[in-house]
Amino acid sequence: MQERLRDLSAINQKWLFVTFEDIKAVPCFQNETIIAIKAPYSTVLEVPDPFVTCEDIKAVPCFQAVDYPQRRYEMTLISTMGPIDVYFIS
């Protein structure tokens, strides 16, 4: 997969971007939802474990472990260097 992405970026090297069509052409990405993030250097990405229960942690917020598809996934992006752009590709 990484080799395929490198090939795609080499094709678009003069523009320094990968298109929506390029991403969707990668076989393992077909029929999947993809989150693309454009963020400055030193951006922090935090993804809490969705299986952690209130008994496991004593902090707020408390993430409840529930059966799929009700399981709740969260993602936090923090940047002090500039704006963050998030794109959903489905």
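Here are three short exercises on a predicted model, each with a worked solution.

**Exercise 1.** Describe the largest pocket: work out its volume, its lining and the elements that supply the lining.

*Solution.* Start with size: the largest pocket comes to about 410 Å³. Next, go to the lining, which counts 13 residues, with Val-18, Ile-23, Ala-36, Ile-37 and Ile-89 closest to the centre. Now sort the lining by type, and you get 11 nonpolar, 1 polar and 1 charged. Finally, trace the lining back to secondary structure: α2 (20-25), β1 (34-38) and β4 (85-89) each give at least two residues. The largest share belongs to β1, with 5 residues.

**Exercise 2.** Find the residues of the nonpolar surface patch of about 630 Å², then place Met-75 and classify its exposure.

*Solution.* Pick out the members: Ile-35, Ile-37, Leu-45, Val-47, Met-75, Val-86 and Phe-88. Two strands, β1 and β4, each contribute at least two of the patch residues. Met-75, for its part, sits in the loop between β2 (44-46) and β3 (76-78). Its relative accessible area is 36%. Partly exposed covers what lies between the buried limit, under 20%, and the exposed limit, over 50%, so Met-75 is partly exposed.

**Exercise 3.** Locate Tyr-87, decide whether it is buried, partly exposed or exposed, and compare its separation from Ala-36 in sequence and in space.

*Solution.* Tyr-87 is part of strand β4. Its relative accessibility is 43%, so Tyr-87 goes down as partly exposed. Along the chain, Tyr-87 and Ala-36 are 51 residues apart, yet their C-alpha atoms are 5.0 Å apart in space.

Conventions:
Residues are numbered from 1 along each chain as its sequence is written. This is a predicted model: local features need pLDDT of at least 70, side-chain atom pairs count only at pLDDT 80 or more; totals for chains, interfaces and linings use all residues. Side-chain values use heavy atoms; hydrogens and water are left out. On a 1 Å grid over the protein atoms alone, a cavity is a set of points where a 1.4 Å probe fits but cannot get out, and a pocket is an open set with protein on both sides within 12 Å along at least five of seven lines; lining residues have an atom within 4 Å of a point. Grid points are joined across faces, edges and corners, and a volume is the space filled by probe spheres set on the points. Helices (H or I, at least four residues) and strands (E, at least two) are DSSP runs, numbered from the N terminus. Ala, Val, Leu, Ile, Met, Phe, Trp, Tyr, Cys and Pro count as nonpolar, Asp, Glu, Lys and Arg as charged, and the others, Gly among them, as polar. Patches are made of residues with over 30% relative accessible area and no salt bridge: like charges are joined within 9 Å, nonpolar side chains (Val, Leu, Ile, Met, Phe, Trp, Tyr) within 5 Å. Accessible areas come from the Shrake-Rupley method with a 1.4 Å probe; for residues, only the protein chains shown count as cover. A salt bridge is a side-chain nitrogen of Lys or Arg within 4 Å of a carboxyl oxygen of Asp or Glu. Buried means under 20% relative accessible area, exposed over 50%, partly exposed in between (1.4 Å probe, protein chains only).
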